[in-house]
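Biologist: Please take a close look at the aromatic rings in this one. I'd like to know who sits with whom, and what else is going on around them.

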Amino acid sequence: MNKSGRSQLWNRDSLWVICLLLAALILYTAGLGDLPLRDWDEGIVAGVARNIYRAEPGTQTWLYPTINYGDPYWNKPPLIHSAIALSYRLFGISEWSTRLPPAIISAVSVPLVYLIARELCFSLPAAVLSGAVHLTLLPVVRHGRVAMLDGAISCWFCLGVWCLLRSRQGSGWLWTTGIALGLICLTKGIMIGVLLGGILIIFLAWDDFKRLQTGYFWGCLVLGVLPAIAWYLLQYQHYGAAFLGISLGDQTFERIWTPVSNLAAPPWYYLLEIAKYGFPWLIFLPYGLKLAVRNRLQSWSKLTLTWVIVYLLAISLMETKLPWYVIPIYPALALLVGNALGRIWHRKETSYWWQIFFSLIAVVCWLGSLYYGAIDAEPQPDLAIIILVAAISFTIAGVLLWRRSHNFIGVTIVGFYLALLLLFNTSHWLWELNNSYPVKPIAIMVRKYTPPGQKIYTNHPHGRPSLEFYSDRVVENQANRQLEQLWQNSEGMSIYVLIDPASPPLELQNRHVVAQSQSWQLVTNRSELVR
């Protein structure tokens with residue numbers, strides 16, 4: 001290709017990268033600060049970030065992160081927490097500023113999927129559709145919008161994959177692959193870095209084994225992860241063996257063979273997660289896998305199959321199962337689906353099963369919109385409108401499918417994008433908030449009526465990191481019996497207890513009600529503390 005042709009190709013790719021990035025930023029940041037932080041991860045991440053933000057100069061809290069009132073935080077490295085702390089410094093502390101850095105980083109993964117597809121020699125429509133599929137995958141966007149780490153992990157890995165593929169044209173790109181692996185380790189720890197780095201190595205062993213035999217390749221990877229290794233060594237030097245026991249033991253490797261907090265599930269758990277939330281693109285995944293197996297000697301097939309099989313197998317064998325662990329697999333699924341859609345676009349292929357699926361899902365959406373808009377005892381018009389948009393788009397797409405028109409793909413993408421955009425401007429997208437009591441009113445009461453630094457006890461059976469974040473207090477859960485004993489032995493000591501109305505009654509003699517909110521009571525053992 002001559003210089004003019006390369007220039008035109010670069011300009012075209014740049015235009016699509018900008019378009020996909022803008023579309024992703026709009027979707028990832030819409031209504032970002034409208035809902036409270038959820039438990040667990042958001043409350044914890046925000047609490048650590050706030051401590052970094054509040055830290056006095058020279059305390060190095062950014063290097064040795066803390067939680068609550070100075071307790072060491074050994075769960076994860078503080079890269080994203082520090083980015084959120086910077087956001088606090090620029091925009092103040094709020095839900096919006098908490099979620100903004102992870103959302104922006106996660107949004108960047110969308111154009112990166114497009115760039116990976118182009119490096120794999122996908123046609124322009126297939127590459128664009130790969131990015132569009134990744135843009136409109138509900139679990140990817142939903143988890144990328146919250147103050148968690150998995151969206152950033154997906155972005156860093158996409159960056160590493162793209163640079164690895166790009167290094168075929170110039171070995172200097174390998175340095176960025178090493179840096180991307182280092183960012184992964186500084187975001188969520190060594191174990192995930194080893195897993196994702198292993199996927200890259202297995203892919204190269206299958207596709208280009210000679211590159212694995214060069215010291216330059218390994219040097220780039222080692223230098224890229226050196227900052228992460230240095231961070232772990234500094235923690236060990238500062239805290240001693242206790243850090244390794246918690247960070248690499250309880251919080252990392254133990255999750256492989258022991259379910260944390262009883263979060264165990266069968267090995268097919270993540271297959272069900274993909275099946276539940278991969279809508280509507282999951283129907284084209286079998287065709288994408290069929291094409292990958294048929295073309296298994298091509299680089300794109302080797303990469304996607306290695307990515308999907310190794311990562312899915314690794315997380316499925318772990319005893320601890322959490323829905324967001326599967327997020328880094330979705331870029332590979334988007335590439336498989338995008339390649340399938342690209343083939344459909346060029347050859348105008350269709351399938352009876354696709355036609356049936358789109359027809360059925362359109363009927364379901366129409367019925368759902370009718371139910372939430374008119375039949376439900378408590379109508380939810382916002383939800384009805386969201387489903388109505390999906391119903392209209394799937395109806396049009398279904399008609400186009402029956403007419404064997406490839407334009408059904410564009411209609412589906414635009415319709416589902418609009419439905420997601422509407423969803424993220426409502427309270428329905430963060431449905432975990434409905435699992436327990438609204439935390440903000442209780443937190444405001446605790447913060448207003450208790451002195452700073454005061455530990456609060458509660459008989460609620462589950463911890464709520466978001467309650468600790470919003471109240472800016474340590475809230476310790478205790479069973480009724482332990483709380484009653486603590487109350488009886490509290491002579492000369494001030495105690496505040498947050499009483500859960502849904503728990504069994506507490507027998508606290510001579511208690512004084514400090515405040516009350518939504519049937520919750522904040523009580524103390526000393527009358528002079530009542531305002």
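Modeller: Here is a walk through the rings, followed by a few backbone spots.

This is a predicted model, where local features need pLDDT of at least 70 and side-chain atom pairs count only at pLDDT 80 or more, while totals for chains, interfaces and linings use all residues. Residues are numbered from 1 along each chain as its sequence is written, and side-chain values use heavy atoms, with hydrogens and water left out.

Let's start with ring pairs. The structure holds 32 of them. Rings of Phe, Tyr and Trp (for Trp, the six-membered ring) pair if their centres lie within 6.5 Å; planes under 30 degrees apart are called stacked, over 60 edge-to-face, and the rest tilted. One of the pairs is Tyr287 with Trp354, a tilted one at 5.8 Å centre to centre and 55° between the planes. This pair ties together distant parts of the chain, since Tyr287 sits in helix H14 (residues 285-294) and Trp354 in helix H17 (residues 352-375), 67 residues apart. (Helices, H or I, are DSSP runs of at least four residues, and strands, E, of at least two, numbered from the N terminus.) Tyr287 and Trp354 are both buried, where buried means under 20% relative accessible area, exposed over 50%, and partly exposed in between, with a 1.4 Å probe and protein chains only.

Next come Phe394 and Phe416: their ring centres are 6.5 Å apart and their planes are at 70°, so this pair is edge-to-face. Again distant parts of the chain are linked, with Phe394 in helix H18 (residues 381-402) and Phe416 in helix H19 (residues 408-423), 22 residues apart. Both of these Phe residues are buried too.

Now put the two pairs together. Tyr287, Trp354, Phe394 and Phe416 are among the members of one aromatic cluster, which also includes Phe279, Trp281 and Phe284, plus Phe357, Phe358 and Phe408. Phe279 has a backbone quirk as well: its peptide bond to Pro280 is cis, with omega near -5°. Pro280 lies in the loop between helix H13 (269-277) and H14.

There's another cis bond at an aromatic residue, from Asp39 to Trp40, with omega near 0°. Trp40 is in the loop between helix H1 (3-29) and helix H2 (41-54).

Some rings have a charge over them, meaning NZ of Lys or CZ of Arg within 6 Å of the ring centre and within 35 degrees of the ring normal. Arg142 lies over the face of Trp431, at 3.7 Å from the ring centre. Arg145 does likewise with Trp429, at 4.2 Å.

Finally, Trp175, in helix H8 (residues 174-188). Trp175 is partly exposed because its relative accessible area is 35%. Together with Tyr216, Val222, Leu223, Leu226, Ile229 and Leu233, Trp175 makes a nonpolar surface patch of about 620 Å². Helix H11 (residues 215-239) gives the most to this patch, with 6 residues. Patches are made of residues with over 30% relative accessible area and no salt bridge; nonpolar side chains (Val, Leu, Ile, Met, Phe, Trp, Tyr) are joined within 5 Å, like charges within 9 Å. A salt bridge is a side-chain nitrogen of Lys or Arg within 4 Å of a carboxyl oxygen of Asp or Glu, and accessible areas come from the Shrake-Rupley method with a 1.4 Å probe, where for residues only the protein chains shown count as cover.
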